Structures are given as structure tokens and as C-alpha cells.
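Colleague: Before I use words such as buried, edge or disulfide in my notes, could you show me how each of them is justified?

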Amino acid sequence: FDSDKLYKKVYIDDFYIDKYPVTNEQYLEFVESGEYNNKKHWSKNGYMWKLRHNMIYPKYWMKYDGNWKQIYFGHIIELKSNYPVMCINYYEAQAYCNYTNTRLPTEEEWELVCRMSNNNDINCLKIGDNCGSGVLPVNICDDNVCVGMLGNIWEWTSSDFTKFDGFKVDIPYRVQSEPFFNRNKKVLKGGSWCTTELLIRSTYRNFQDACDNEWFVGFRTCS
């Protein structure tokens with residue numbers, strides 16, 4: 001696609017990144033500690049969003065008979081501890097990072113590690129085989145530098161969705177990316193379990209509004 005067919009040369013400093021995406025168990029600790037509701041962890045726009053929507057925990061979570069549940073395709077299921085947290089927006093991911101003194105990776109950092117982890121995008125989830133079976137636990141395989149970067153959930157990055165130098169619109173995809181540059185969109189990477197195989201690659205640049213918490217999107221932290 002036109003948004004990712006070019007490239008840019010960047011220098012990346014040393015950094016650390018989590019082997020696994022943040023799990024329900026880890027995010028639940030953030031919620032149950034009361035820190036999800038602590039203003040100091042939120043950006044100005046994030047806290048305004050939180051207040052506007054009266055968010056006290058993630059949108060599809062609920063507490064029932066003293067136990068945490070998750071709404072999943074209209075069904076109420078157990079909140080599984082070793083599954084990636086998802087349906088989390090950029091502001092919620094950013095708040096968690098502030099709570100843990102970490103940050104979200106840039107798209108360049110994320111792509112670099114993905115290329116190192118997946119042997120030219122051959123993924124341990126067996127791209128395409130997982131379609132229809134749903135989200136899998138974060139430790140479904142353990143043979144990579146970082147696990148589950150392709151084909152389980154999309155992952156937030158800290159990068160704005162902007163055009164690369166030399167960008168030209170592909171006529172067949174005129175509305176694919178250009179109308180969305182520089183509009184408070186953040187880059188998503190990785191593809192989810194229900195993403196078409198064509199898009200499950202390290203270079204593909206998806207994007208969503210920073211306030212969007214409807215999709216199979218989670219994150220991993222970086223420092």
C-alpha cells in the first residue's frame with residue numbers, strides 16, 4: 001500500500017522491549033491498585049477522554065460476583081490472566097506505561113524487533129491458520145526474541161500516522177491512507193488473529209484514533 005511502500009532511514013538508540021504484550025493480569029493490577037483512576041498517569045487528552053466516557057476500567061471488562069469478566073463477541077467470559085489485554089485505546093496504553101515507568105515503542109523500534117523475532121515474517125502463530133479461532137495466550141510459543149508480534153493482536157506504537165518522504169497516492173487506494181495523515185491517528189502494527197494474511201507483515205502500517213477502544217488492539221512496553 002502507498003503508506004508503507006517507501007522507507008525512511010532512522011537511527012535507533014539502544015532500548016529494551018517486552019518479550020510479550022501486556023497481559024490481562026498485568027493490566028488488572030493497574031486497575032485494582034486504583035492507579036487506572038489516578039490523574040497523574042494520564043495525558044491531558046487522555047484524562048479528558050476518561051472523564052467524558054466515565055471510564056473506571058477497560059470498556060469490555062466487568063466485575064460479577066467478585067470476579068473479573070470480559071465481554072467477548074456478546075458473551076461474558078472469564079478474564080484470562082495470560083491473554084493479551086485488548087480493546088485498549090492509546091490513552092489507556094499510555095497511562096499504563098506511565099504507571100510502570102515505561103513507554104510505547106515507536107513504529108521503527110517495533111518493526112526492527114519484529115524483523116529480528118520472526119525470521120522474515122514467518123510467525124509462530126502460522127499466519128492464516130489461526131483465523132477464526134480467536135485470540136491466543138501470550139506464551140503460545142516461546143522461540144523468538146519477542147513473541148506474538150504478528151497475527152494475534154494489533155499493537156499500539158507511539159508514532160503518529162504520517163507520510164514517508166516521497167509519498168505518492170496509489171490511484172486504486174486513494175482513500176487508503178492520505179485522508180488520515182496528521183489527524184490524531186496512531187500507528188498500529190502486527191495484525192490480529194482475524195486480519196487478512198496480506199496485512200500480517202512487519203512493514204504494514206495500520207492506524208486508529210487515539211481514543212478508539214473497539215478493536216483487537218493491545219500493546220507491549222518499551223524503555
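Modeller: Let us start with a cysteine, keeping in mind that this is a predicted model. The sulfur of Cys222 has its closest cysteine sulfur in Cys97, at 8.8 Å, whereas a disulfide needs the two sulfur atoms within 2.5 Å, so this pair is too far apart for a bond.

Colleague: How many disulfides does that rule give for the model?

Modeller: The count by this rule comes to zero disulfides.

Colleague: What makes Cys222 count as buried?

Modeller: The cut-off for buried is under 20% relative accessible area, and Cys222 has 2% relative accessibility, so Cys222 counts as buried. Cys87 is judged in that way too: its value is 9%, and therefore Cys87 counts as buried.

Colleague: Which residues of helix α4 are buried, and what covers them?

Modeller: In helix α4, residues 107-117, the buried ones are Glu107, Glu109, Trp110, Glu111, Val113, Cys114 and Ser117. The cover over the buried residues of α4 includes the strands β4 (154-160) and β5 (185-189). Helix α4 lies across β4 and β5, and its direction makes an angle of about 135° with β4.

Colleague: In which order do the strands of the sheet with β4 and β5 stand, and why are β6 and β7 called edge strands?

Modeller: The four strands form an open sheet in the order β6-β5-β4-β7, with mixed pairing. Strands β6 (206-209) and β7 (217-218) each have a single partner strand, so one side of each is left without a neighbour in the sheet, and that places them at the edges.

Colleague: How do you know that β5 and β6 pair?

Modeller: Two strands pair if there are at least two bridges between them, and β5 and β6 are joined in the antiparallel sense over four bridges, so the condition is met. One bridge links Leu188 with its partner Asn206 in β6.

Colleague: What does the sheet of three strands look like?

Modeller: That sheet is open as well, with antiparallel pairing in the order β1-β2-β3. Its edge strands are β1 (61-64) and β3 (75-78), each of which pairs on one side only. On average, neighbouring strands of this sheet are turned by 40° against each other, direction ignored. Strand β2, residues 67-72, is paired with β3 over four bridges in the antiparallel sense, and Gln70 has Ile77 of β3 as its bridge partner. Helix α1, residues 24-32, lies across β1 and β2 and runs at about 70° to β1.

How values were computed:
Residues are numbered from 1 along each chain as its sequence is written. This is a predicted model: local features need pLDDT of at least 70, side-chain atom pairs count only at pLDDT 80 or more; totals for chains, interfaces and linings use all residues. Side-chain values use heavy atoms; hydrogens and water are left out. Helices (H or I, at least four residues) and strands (E, at least two) are DSSP runs, numbered from the N terminus. Axes are lines fitted to C-alpha atoms, for helices over the stretch in contact, and angles run from 0 to 180 degrees between N-to-C directions. Contact means heavy atoms within 4.5 Å. Buried means under 20% relative accessible area, exposed over 50%, partly exposed in between (1.4 Å probe, protein chains only).
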